Amino acid sequence: MPGLLLVERRTHNRRLEMRDAGGRRMTGSLHSLHSLDSLDPGARERLFRRTAAGLEPLAVWLNEGGLSRVAHGWQHTFDTGNERVARAGLTSFEANAHMVRHSLALRRYSVGRLLYERQVARLNAEEVGDFRAQSGDTWYRVKTLLRHADVTTTMDTYLELLRDLDVALLIEHARGFALSTLMASTFATHPQVLSDPLAGEPS
């Protein structure tokens, strides 16, 4: 592999001792160790280590050939998956990498609301206030998970369909409607939510 960087040792302060593809020891500007934090994404993709089975990439995400996946390589994975789904006859069901992020936001929000509801069910108003102050609002939890700078980005972009749901939750829950049932029925019919395309199909 052109430009291969063979890592022989990593120190406690995140420095690497490396050799190039020809076996020559690589040296930094001041010493023989390179700071891991100074390596750009292209260099990190070329990091390998030697194992009993041969050379192994140090990247977390690998492609089908076993080499490091480039930053935008995920789109190819989804394209391939969508082609397989289409061949199975599910032509109206497609996914992309950004949808996974939206799905994560929706799931975390839903789980967070259900857990919140269960935890505060037996608390009085003062205890609910204390719990909210300690654990934070569900919106802010999702915001932190998605690393947004502003919670309005989370609410307006990723969880748009849930802004109206929040109002419905207050109304229906006041009538004794089960929170989990309300969420399930809302998501099942919402045009922005893709459910299991095989649900209800005979096995």
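Okay, let's start with the sheet: five strands, open, in the order 3-2-1-4-5, with mixed pairing. Pairing here takes at least two DSSP bridges between two strands. At the edges sit strand 3 (33-35) and strand 5 (54-57), each paired on one side only. On average, neighbouring strands are turned by 50 degrees against each other, direction ignored.

A quick word on the source: this is a predicted model, where local features need pLDDT of at least 70 and side-chain atom pairs count only at 80 or more, while totals for chains, interfaces and linings use all residues. Numbering runs from 1 along each chain as its sequence is written, and side-chain values use heavy atoms, without hydrogens and water.

Back to the strands. Strand 1 (residues 5-10) and strand 2 (residues 15-20) are antiparallel, over five bridges. One pairing to look at: Arg 10 has Leu 16 in strand 2 as its bridge partner.

Now helix 5, residues 138-146. Its buried residues (under 20% relative accessible area, 1.4 Å probe, protein chains only) are Thr 138, Trp 139, Val 142, Lys 143 and Leu 146. They span an arc of only 140 degrees around the axis, so they lie on the same side of helix 5. Just past the helix, Arg 147 has a positive phi of about 60 degrees.

And what does helix 5 pack against at about 95 degrees? That's helix 6, residues 151-158, with the axes 9 Å apart. So helix 5 is roughly perpendicular to helix 6, a label that covers 65 to 115 degrees. Among the residues in contact (heavy atoms within 4.5 Å) are Trp 139 and Leu 146 of helix 5, and Met 155 and Tyr 158 of helix 6.

How values were computed. Buried means under 20% relative accessible area, exposed over 50%, partly exposed in between (1.4 Å probe, protein chains only). Helices (H or I, at least four residues) and strands (E, at least two) are DSSP runs, numbered from the N terminus. The arc is that of the directions from the helix axis to the C-beta atoms. Axes are lines fitted to C-alpha atoms, for helices over the stretch in contact, and angles run from 0 to 180 degrees between N-to-C directions. Angles under 35 degrees count as roughly parallel, over 145 as roughly antiparallel, 65 to 115 as roughly perpendicular and the rest as oblique.
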